[in-house]
Amino acid sequence: MAQPGPGRTATVRPPTLWHILPLCLGLLAAQPIAAQNADAGQTFTLGGTVVNSVTGEPVARAMVLSNGVSDRMAFSDSEGHFQFEGMPPGHVTLMAQKPGYFTEQNPSNPVQIGPGTGALTIKLVPQAAIFGRVTDAAGQPIEHTPVRLTAQSLRDGRKRWEQRGMQETDDDGHFRFASLMPGTYYLAAGPQQLETQLLASGQKPSTGYPHLFYPGVPDLASAMPIQVTAGQQAEADFALSAAPVYEVSGSVSGRQPDQGVGWSLFTSSGDDISLPIIFDMETGTFRIEGLPAGSYILKAFSQAGLQPLRAELRLTVASNLENLRLALAPAISIPIVTRLDSRAPNQTSSASSQATAPVWVHLVAADASGGESFSTSDQRTPGNQTMVLQNVDPGTYSVEVMPQPPWYVQSATWGQTNILTDDITVAAGQSYPLEIVLRNDSASLTATVRSPDGGGAVATLVVVPMGASRVSARVVHGLSNTFTVTALAPGDYLVFAFDRIDGLEYSNPEALEPYASQAAHVTLDANQKAQVALDLIHTGKEP
Amino acid sequence: MLLLGGLFAQSSVPPLPPQQQQPARIAPPPQGYCIAGTVVNSLTGQPIASASVAIAPLARGAEREISRSALTGADGRFSFAGLGRGKYSLMATARGFSLQYFDHHDPYATAIATGPESDSEHLVFRLQPDGAIEGVVTDENGDPVQYATVRLFHMNTESGQQKVLPENQAQTDDQGRYHIGHVAAGAWYVAVSARPWYAQNTRAPEIYDGSLKVVSPSAQVPQPAVTLDVTYPLTFYPDATDSASATPLRLALGERATANVVLHAVPSLHLRIHTGGAAESAAIGKMVFPAVSQRLFGGYLDSISEATTSWVAPGVIEISGLAPGHYVVEMPASPAGSNDKGGRAWFREIDLAGDTEISATEGPGFVALDGRILVGNAAHLPKPAFIELSNPDTGESFRGDLSERGEFDLRSNNIRPGRYQLLLRNAGGFYLTKLSADGAKITGRTVDIGAAASVHVSAVAAQGTGRVNGAAMRDNESFAGAMIVLVPQDAANNAPLFRRDQSDSDGTFTLSDVVPGQYTVIAIANGWDLEWANPTVLQPYLKRGETVQVPPGGELNVKVQVQ
């Protein structure tokens, strides 16, 4: 281990000594470590190197924090070295941070300080960036073009589309999205007016730049994903050609007098278009100029008292459109009726005694085409068993039903739809409730994970009901060798113990198929407390 | 022609006012008049193809709207034919060239006159290419500094005195890079402010027993390491931490300049403010916090955004993250409670070189200024009229709305001693006269406020501002593009009485909303960089100017020799 250069290593003293310390770093470094071999007991030096997880190169001037038996801070030197002297024996958690890097959980945590503690390596994951330039057909930069970044990510083992930001190009046509995690991204640019065109009053723009996905295609389905790895600087340039633009106009009805109307215009793939929407309060008419050909969703928002009003219109623009009509209507509300079917031996049904049902319901936009991914949480009225999902926009959703243990979902339906297996499509005028039946004769499962060294391991237990087209997997993560999952519905399950699940779409049965042979099959009866032993599955992903 | 107000067009065009111009009296020839010419790059003289050119007719009292637009051909030529007699505002833009008015000297430009005596068909429209300033901000270890705010301060004479004021800003990206486009030629200062990413300046509130004594040292909350209690001073390109020793970057037309800045962390200074007895017993919800600013370039007050303010004990506020330097601390009044009468507002100018404690009782209070504007002849001021008290040195400006009785009240504003200008705004032809003050000295339109606790200003609003129309001449020919200045008597104390314009293509100009009185009208060629409100600078031009006496409501015509 290299000696720290003078002034390179900063030391934070234990808090109780703070008030007597001189405020000068040089003096601090020069002081002998008073605790060394003194009555306070033996102390040790803890040190190591901070490295870039991709290149393995040392990272200088990273802040290293120690938490545990001794709370310390040090900066790594130009060689990436850090050192804490006079550390008492015991456990600490080490963490490094620096702009431009993600802090990753140090696999050697917690660190045992003692005679055998060797030099440590702390990895920092470099952040990625996507940058580029937007130019016209002649190669000239186009300024103020909106550029949007969409990430494809996994949440709860499901694919999600997430907007990761919008930027406008600068006068050189440049844009840059930094601080990105490794992953799959999509870029879109435009629409944009011809910014160097002066128009006489009353004159409408006739051409503009369209909205395109990288590398220059009109929809997300044909867009090229941009895969970035840790630390990668990916370049993605756009060449936009001026194309005809159109004017879209019409009126909105159902508005309260004096109430304003808010407007949003989205592409069919869910990007919010920043074109101005001119609304005349007097006449209730609206107008959008400079719209390139394409498919859009126009939304209007207003309210009557506290009641939100919504209207939505899907447009396919290939010429000027006039006399479009939007009718504002109360936003859709979906009541939720929960029945508690208590099966527990020494317990009467608590349905009437509980103020609220022990369940949460979320709607998640299921449109994988990058449609807006908003989720609506329920609104509970105190003292009223009825829950309502309020102000739901029309669209297709997957319904997530999350009961509190020991309850599990026995059935959940919306009209004819079994929402445990199928998505629901919400449209104006539908008023039937979500009906949920909960039971409490649930089973629990304790899994023992066999790791090669016989000790505990960092593992993620995934418990998947069998025979479902879309599954709600139960996941437990931790450093242990036993994992317990409670409140499971009676039935057949596949149980997996993965070393890591990053990037694993575990709510998709097909994504789990390659690992099925390493899973345990268990059948759970009501109220059963089952045990299972498993081998750790290595997903082969880089830790 | 003055460029102000709103232009109705569908592009991001700088605004134009409703212009006040003589309506056309002579019918145009059947084929009309023509505005035509060539758009060229002012730097290279090369014609610019596909430039967008537009005209907006100027008519008195009418909204100014673009009436015609066209693209230049490959030879840079444009032409608008069939026009009536009158004046037109001419503008153009192209890739790499911001929208510009013909021969503009913001906020003025030369309007194009059409008519039998005017040649409006051989114009050379010189578009000035945009410049840019860009660079990298790094720390002393060579690491990029992200989220640094880079500001450009422009040295200019737009206000009539040479001033350095902030104009554009940008933030550095993850690589420490910034880029500011559309920068005009001229002298620019690049100022960078940032916080070290690892800085921890705020000290946790101390454990106290009601006084400011710490109960027991061991009960003290852990403090951040000394090495983390650092800050970056405001740093000017190339390497100065005070504005006086900063050197400007002289950007040529169309130039792209690089200005890299290295920030050096220095120990953060802590300024503790004991706000006084009343505030010490005040509830947290009633605590008020001070504003801290720094004086830049001898005047401009720049508020400090990087410092953190925290409440460390009852009635004690700590401002941390400050670099050594000269600061202005302004504390607003704290509201009165049931048991106290609230804290008074005060300010303090302080040089910080180390951790410092100050007490509210040491700082002078602000000046409580109010006043009344009397209106003669049973007239009424238009509703939007208001009083503006502005300090040209610091850039501060206070607005006092007028009550039915003409009263205005700036007592709750943080007014410090200084030289202020008093103006009546939005008053539609009314002007101030008979200015007087209790507690301050008034000379002309300037209010000299000393250490007085309160000042009461009185004035009379009279109706009937005048207008001076004129023509700039040289060798008996009309002269376009000259700077026209209407210079009041005792110019040093009457800055609000100045009026300016630029002569149009037929040499004519209009100075409107002129307060009645005696003036000298001067016309200067290539004088746009002059400190036109500086009496010493004006002196040599005055003797060849035209002296005019503007009566109330009067409209004069004058011919001025261009110097």
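Here is a short back-and-forth about this predicted model.

Me: Before we start, what are the ground rules on numbering and confidence here?
Reply: Residues count from 1 along each chain as its sequence is written, with chains lettered from A and ligands numbered from 1 in the order in which they are written. It's a predicted model, where totals for chains, interfaces and linings use all residues, side-chain atom pairs count only at pLDDT 80 or more, and local features need pLDDT of at least 70.

Me: What is the mean pLDDT of chain B?
Reply: pLDDT is the predictor's confidence in each residue, from 0 to 100. In chain B, 87% of residues reach 70 or more. The mean for chain B is 86.

Me: Over which residues of chain B is the pLDDT below 50?
Reply: Where pLDDT is low, the predicted coordinates should not be read in detail. One such stretch of chain B has 56 contacts in the model beyond near neighbours in sequence, a contact being two residues whose C-beta atoms, placed from the backbone, lie within 7 Å. Another stretch of chain B has 27 contacts of that kind. The pLDDT is below 50 over residues 5-25 and over residues 206-224.

Me: And what ipTM does the model score?
Reply: The pTM is 0.82. The ipTM is 0.84.

Me: How many strands are there in chain B?
Reply: Helices (H or I, at least four residues) and strands (E, at least two) are DSSP runs here, numbered from the N terminus. Chain B has two helices. Its strand count is 46.

Me: Which domains is chain B divided into?
Reply: The bounds come from an automatic or database domain assignment. Domain 2 is written in two pieces, 130-196 + 232-267. The full list is domain 1 (4-127), domain 2 (130-196 + 232-267), domain 3 (268-365), domain 4 (368-463) and domain 5 (467-561).

Me: On the side of domain 3 of chain B that touches domain 4 of chain B, how many residues are nonpolar?
Reply: Eight residues of domain 3 of chain B are in contact with eight residues of domain 4 of chain B. For the classes, Ala, Val, Leu, Ile, Met, Phe, Trp, Tyr, Cys and Pro count as nonpolar, Asp, Glu, Lys and Arg as charged, and the others, Gly among them, as polar. The domain 3 side has two polar residues and one charged. The nonpolar ones number five.

Me: Which residues touch the most other members of the largest nonpolar core?
Reply: A nonpolar core is a set of buried Ala, Val, Leu, Ile, Met, Phe, Trp, Tyr and Cys residues joined through C-beta atoms within 7 Å. Buried means 20 or more other C-beta atoms within 10 Å of a residue's own, exposed means 12 or fewer, and partly exposed is in between, with C-beta atoms placed from the backbone. The largest core has 69 residues. The ones touching the most other members are V468(B), I484(B), L486(B) and V521(B).

Me: Is strand β15 of chain B mostly covered or mostly uncovered?
Reply: β15(B) spans residues 186-193. Six of its eight residues are buried, so going by the cut-off of 20 or more C-beta neighbours, the strand is mostly covered.

Me: Which strands pair with β15(B)?
Reply: Pairing takes at least two DSSP bridges between two strands. Strand β12 (149-156) of chain B is antiparallel to β15(B) over seven bridges, with V150(B) opposite V192(B). Strand β18 (249-251) of chain B also runs antiparallel, over three bridges, and β17 (235-236) of chain B does so over two. The partners are β12(B), β18(B) and β17(B).

Me: Where in chain B is K434(B), whose phi is near 50°?
Reply: That phi is a positive value in a residue other than glycine. K434(B) counts as exposed because it has 11 C-beta neighbours inside 10 Å. K434(B) lies in strand β35 (residues 430-438).

Me: Which residues does the cis peptide bond with omega about -5° join?
Reply: The proline of this bond is in the loop between β13 (183-189) and β14 (192-193) of chain A. The bond joins G190(A) and P191(A).
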